[in-house]
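User: I would like to learn how to read a few features of a structure. Please give the general idea each time, then the case at hand.

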Amino acid sequence: MAPGTQPPSEEYRALVDKAYSKFARLREFPPYGRNKWDYYFHKAFQAYSTLWKYQQENRQKLMEVGLKRWEIGEIASRIGQLYYNYYLRTSNAKFLSESFIFYEAIMSREYFKDSDKDASLANKQLRYCARFIVICLLLNRREMAHMLARQLRLLVDEYGHTYQGIEVKEWKLVMQEIVRFLKADAACDTSRPLRYSVLLDPQHSVLPAVEKLEGKKPLQLEDAILASYYHNEVKFSELTLDTFRMLQALEWEPSGSLYRMRTGMTGGNRVGSSSNVGVVEEIADPSLPPNPHKYILYRPTVQHLLLVLGTACEELSTDSVVLLYVSASVSLTPSLSLNQLTINQIQSYVSTRSEESGDAEQSETSTPADSPKYIGNAALTSPGGSVTPGLWMGSKHSPGSNFLYPSDILPFTRRPLFIIIDSDNSFIFESISGEERGESAVLLLSPSMQIDEKGTGTPTSSSHLSNTGNLFTFFLTAPFLAFCRLLGISHTSFPKQGQTDPEKLLSTSFVEWGTALVTSTIISPAWARVLFDPFLRQLVLRFIFCRAVIALHAKYGGKPEFAPRCCPALPDEMLPESEVVQAMVLQLATLLGVADQFQTSITAVFDSSQTATNAVAGLHPDFFQEKQIPSCTTNDTGPSMLGCLDVGMKTTRTIMHYAASGEGWSMSPCQTQTSRTHKVSFL
């Protein structure tokens, strides 16, 4: 029978069966690799497009023969799932927005709100609501996500009162996961988006060209593998809190240059919270470059992780790089866990490794294989004398095959890798540096111990019990929020009237740091190549900030178990001891009223009547000689100079008094206004 001659109900059912079969076919393809999935996705889209158009044109006739509203909702839900899965495959936020449109239409038209719904229909409604929450979280629609969570709670309670069985317990568990996730990520509800914003973050065009490439081309981030494996970690669906934050940090804010901050917040909070910021009138900026593709791996086996890594490396384009992010716990031996190691043991081990690394850098003939830190198949000796094999990614009952060793990653270093390890014993992956098989890998490694809410150290694997996620990952994705969390202060009370936005201060400082990095004459070519990419450069700069904040903190500085590490070494200009780095941390701490928690080689007291936007550069007698400022006043205490600094900001000034003290300079509030003043511009 020719198409169109069948009764509408029969033709509709035929289209439904065809669309459902195309949808089911997609499940046969693994979520990695660029094989035939694109072809079948388009086939499924075409089938559902035909089905959706047909039911729209014949809805009245179909309703007369028994079509239910929930059936229309299910079609819309499947189309939303297609768009969401296409986003997961391509990382194109446009498809995420399309998915949101269909899910929102289901909610506004109440397709699943039937008075005579059975258990099957109730499950469809619950699944739709849970999926919609994921979409809202990914799109930074915080208010709608909380509203849907409240709605889902009512639906779960109703489902539990009406039906019995194991599904009731499963939905209650899902509800607990959602509540826990939203609570853990609550700080981001009132902050700027975690995504890279062309208006809020440093733009690539403001940095000079990277010169120290040694004949190689700069690299661009093409693929990112985000894997997390902790027991009892904060998660919803297959998104853990850490991978959720990393995913956003590796994407462009969709509104791009159309982004704007909305006003109208109450309670003295910062203007432009995530709940009041979004895509302006649902318009995306078409000028944005594509997002790097991401593989989200929830609790993968080691074999699966290596399979995805191998696939990404095989399909990697020329002059591109793969980012590998792994957040996982560690089990040192069946009888000894990191929780049982003492602080002194960890301090001793990490300090020893630091000395070994320093000796290796000073000796040109030394190689990682000659160093005590590189042993066989990357199995290292732990502080307690037991073996620290790697990252634990598997069942408690079969630990042997479930460890990820540094040597497992070495074969893939034939292609450029940017590796981030957030774990108790991330330092064992230092053994990769210098042993690559073709391309130099760069590594950002978390501290061995994480600062907890009590201000003491706990193993990184224990941090998930506090429902906050890893602090190191938080610094890489939301540095200002991580700074506030470390110091135990709220971020919602800043800026006060007339003060600089701390986020803007960070952005401005990162531009300066980025310029210092790309113009450094001693930077490693491995770092120089990745600084071309805005996402990777942002991660490197945030790592520098994280390392400096912890190193300069009065309680945690000088303790190697709290210090993050990187390989190869970054230039000395970016060390925590650097005056330009200390100045930025000190200014931010002063702005937030917590300068007393930091110990630096420079100190600054800002005039309370002025804005605190002026950066404090490394002030040293040589500085004034270089700037050719010879004159100064004298008093009973010796030579002094009253300066009016305009550092980085031409419109603001801070009056300081500089008193020569030994080889450096200390700063205190001015006692007199009769001295000659000099304006020093750093622009």
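Analyst: Start with helix length. The expected span of a helix is 1.5 Å times one less than its number of residues. This is a predicted model, and helix α10 (residues 302-314) serves as the case.

User: What span should the 13 residues of α10 have, and how far apart are its end C-alpha atoms?

Analyst: With 13 residues at 1.5 Å a residue, α10 should span 18 Å; the end C-alpha atoms are 18 Å apart, so the two values agree.

User: Which residues of α10 are buried?

Analyst: The general idea comes from helix geometry. An α-helix has 3.6 residues a turn, so residues three or four places apart point the same way. Buried means under 20% relative accessible area. In α10, the buried residues are Val302, Leu305, Leu306, Val308, Leu309, Gly310, Thr311, Ala312 and Cys313.

User: What covers the buried residues of α10?

Analyst: The cover includes the strands β1 (220-229), β4 (293-298), β5 (320-328), β9 (403-404) and β10 (417-422), together with the helix α12 (406-409). For context, the protein chain has 19 helices and 19 strands, and 55% of its 683 residues count as buried.

User: How should contacts in the protein chain be read by sequence separation?

Analyst: Take the contacts with a separation of 6 or more, and ask what part joins residues 24 or more positions apart; here that part is 74%. A single pair shows the idea: aspartate 201 and proline 534 are 333 residues apart in sequence, yet 9.4 Å apart in space, C-alpha to C-alpha.

User: Where is aspartate 201 found, and is it buried or exposed?

Analyst: Aspartate 201 is in the loop between α8 (166-184) and β1. Its relative accessible area is 7%, under the 20% cut-off, so it counts as buried. Leaving out residues up to four places away in sequence, aspartate 201 touches Arg192, Arg195, Tyr196, Ser507, Gln538 and Arg542.

User: How many cavities are there, and what lines the largest cavity?

Analyst: A cavity is space where a probe fits but cannot get out. The search of the whole structure finds 6 cavities of 30 Å³ or more, and the largest holds about 150 Å³. Its lining has 16 residues, of which Arg192, Asp201, Pro479, Glu503 and Arg542 are the closest to the centre. By class, the lining divides into 8 nonpolar, 4 polar and 4 charged residues.

User: Which helices supply at least two residues of that lining?

Analyst: They are α14 (479-487), α15 (502-518) and α17 (534-552). The largest share, 4 residues, comes from α15.

Definitions and conventions. Residues numbered from 1 in each chain as written. Predicted model: local features only at pLDDT ≥ 70, side-chain atom pairs only at ≥ 80, totals over all residues. Heavy atoms only, no water. 1 Å grid on protein atoms, 1.4 Å probe; cavity = no way out; pocket = protein on both sides within 12 Å on 5 of 7 lines; lining within 4 Å. Points joined across faces, edges and corners; volume = space filled by probe spheres on them. Nonpolar A, V, L, I, M, F, W, Y, C, P; charged D, E, K, R; others polar. Buried < 20%, exposed > 50% of the residue type's maximum accessible area, 1.4 Å probe, protein only. Contact = heavy atoms within 4.5 Å.
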